[in-house]
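Biologist: I'd like to learn how to read a two-chain model feature by feature. Could you walk me through one?
Modeller: Sure, let's put it on screen and start with a single residue.

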Amino acid sequence: MTNSTVRTTPTPPLDGADPAPTTSSSPVLVKGAVQQPETGEPHAARRELTASSPGRDIALVSTFAALVAVCALLPAITVGNGLVPITLQTFAVLLTGAVLGWRRAGLAILLYLAVGTAGVPIFSNGRSGPGVFAGPSTGYLVAFPLAAMLAGVLVSRIRASVTRVRRTGLTFLGCFAASLVTIHPLGILGLMWRADLSFTEAVVTDAVFLPGDIVKCLAVAVVATAVVRAFPALSAPKR
Amino acid sequence: MSERRRRPSRPPWSGPLGLYSPHATWLHALSPGDKLGAVAAASIALTFVHDPRLAVGALTVSLLVLASARVPARATVRALAPIMIAAVGIGLYQWWSQGWEMAVVTSGTLATLVVLATVVTATTRTDRMLDALVRLAGPLRRIGLDPEVLALAVALMLRTIPALIELVGEVRDAARARGLDRDPRALLVPFALRTVARAQATGDALTARGILD
């Protein structure tokens, strides 16, 4: 990691139970990430972060579980000229994996599934409760933690020294592989089991999601790369 | 940007209220664990016994149970409609491809389980359900997961959802101000970065208070 050049800035005062977004640093982060300065470090915004402390881990796990919930609740956004409507749920799942690493990502997705199963309406279309696991999309839900964990494993293997473009490309490949290996097979199995489709029918049904998947994995790659650049220690291997 | 719609300011998110409706029926009195266990048992039975009569019987019973839970009709219909339409669609397809018995079994089972799960949701307060969840997680202590940490994580997550929804609105307004509200990168990247920043602020606050020591 490139931590050696990073300066620690003092943590801003926090208001405990309801920590507001850190307004002092966010604009800098946002600007730096979107306009991407090619040289030099984005200065004050970077904070040295220990890769793992219990408080941070819990906060990251809960926040990303909430992120998945929010992305499932938001109406689908349309990209380009409205040709490709995509819901952001798989995006959030794979982003969690790519950003948090397999352990915390798996816990975050399991937390999301557990809270949704307990009845908080955070599954897509505002559904909740154990009923979703009886529905035809059960395979996709079961695959989410596995997909996030696999994406975490693959993305954390990318060396810290690679260029931004390479990192984006490799992250895309890792996320797409994770989705192909977990979400699609389990989704197909779920369709065969709960909708009693034949294998071929289930594959055809599932294939509809593939183009959107590619778009989502690209988005994950771009966003995860920006996050890793802004918070380098976040995905640093823990030891 | 010739045509710019003026949206009314977003109504604040109403929170995770769900479908729960307070009444004093026998279903409300059952413990969450028992109800979940019953749904699981029904799910296993219906999955392994493929019999159209059983499916129809189970659907009838589940609808009677739903009626006895005194759930609000309109909200229930709204919650059930999408999956019921899907069940009918799947049933029609199965009828065409594999005959009516299979169609009845498939859509009957699906509808039954969804109705039963809706009953659980409608008759169990979310906090009691979450308590049950934390209790169920007790044995996880063996593998190093403290149930109280789980409870903290659940509480943090529920608090974070409305905050992130607010954040989405802020990020969207910021992108729109720069004329970039059609650019997914100008929406997703700042959203993700501010989400992580928020998580770290929360983590620092937890650490500063020694909550997890």
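Biologist: Which residues does Thr123(B) touch, not counting residues up to four places away in sequence?

Modeller: Contact means heavy atoms within 4.5 Å. By that test Thr123(B) touches Tyr20(B), Leu27(B), His28(B), Lys35(B) and Ala69(B). Before we go on, some ground rules: this is a predicted model, where local features need pLDDT of at least 70 and side-chain atom pairs count only at pLDDT 80 or more, while totals for chains, interfaces and linings use all residues. Residues are numbered from 1 along each chain as its sequence is written, chains are lettered from A and ligands numbered from 1 in the order in which they are written, and side-chain values use heavy atoms, with hydrogens and water left out.

Biologist: Is Thr123(B) buried or exposed?

Modeller: Buried means under 20% relative accessible area, exposed over 50%, and partly exposed in between, using a 1.4 Å probe and protein chains only. Thr123(B) counts as buried because its relative accessibility is 2%. Thr123(B) sits in helix α5 of chain B, residues 100–123.

Biologist: And which backbone oxygen lies 2.8 Å from a polar atom of the Thr123(B) side chain?

Modeller: That one belongs to Val119(B).

Biologist: Let's zoom out. How many helices and strands does each chain have?

Modeller: Helices (H or I, at least four residues) and strands (E, at least two) are DSSP runs, numbered from the N terminus. Chain B has eight helices and zero strands. Chain A has eight helices and two strands, in the order α-α-β-β-α-α-α-α-α-α.

Biologist: What share of each chain is buried?

Modeller: For chain A, buried residues are 55% of 239; for chain B, they are 43% of 213.

Biologist: And how much surface does each chain expose?

Modeller: Accessible areas come from the Shrake-Rupley method with a 1.4 Å probe, and for residues, only the protein chains shown count as cover. Chain A exposes about 10,100 Å², with 67% supplied by carbon and sulfur atoms. For chain B the total is about 11,700 Å², and carbon and sulfur atoms hold 63% of it.

Biologist: How do I read a helix pair across the two chains, say α2(A) and α8(B)?

Modeller: Start with the axes, which are lines fitted to C-alpha atoms, for helices over the stretch in contact; angles run from 0 to 180 degrees between N-to-C directions. Helix α2 of chain A (residues 54–73) packs against helix α8 of chain B (residues 184–208) at about 140 degrees, with the axes 8 Å apart. Among the residues that meet there are Ile58(A), Phe64(A) and Leu67(A) from α2(A), and Phe191(B), Val196(B) and Leu206(B) from α8(B). The residues of this contact divide into nine nonpolar, seven polar and two charged. Those classes put Ala, Val, Leu, Ile, Met, Phe, Trp, Tyr, Cys and Pro in nonpolar, Asp, Glu, Lys and Arg in charged, and the others, Gly among them, in polar.

Biologist: Ala66(A) is in α2(A) too. Which residues is Ala66(A) in contact with, leaving aside neighbours within four places in sequence?

Modeller: They are Met157(B), Thr160(B), Ile161(B) and Leu164(B). Ala66(A) is buried, with a relative accessible area of 0%.

Biologist: Last one: what does Thr90(A) touch, with residues up to four places away in sequence not counted?

Modeller: Thr90(A), in helix α3 of chain A (residues 89–100), touches Phe144(A), Ile183(A), Asp213(A) and Lys216(A). Thr90(A) counts as buried at 9% relative accessibility.

Key:
Polar contact = N/O pair within 3.5 Å; in protein donor to acceptor, adjacent residues only side chain to side chain.
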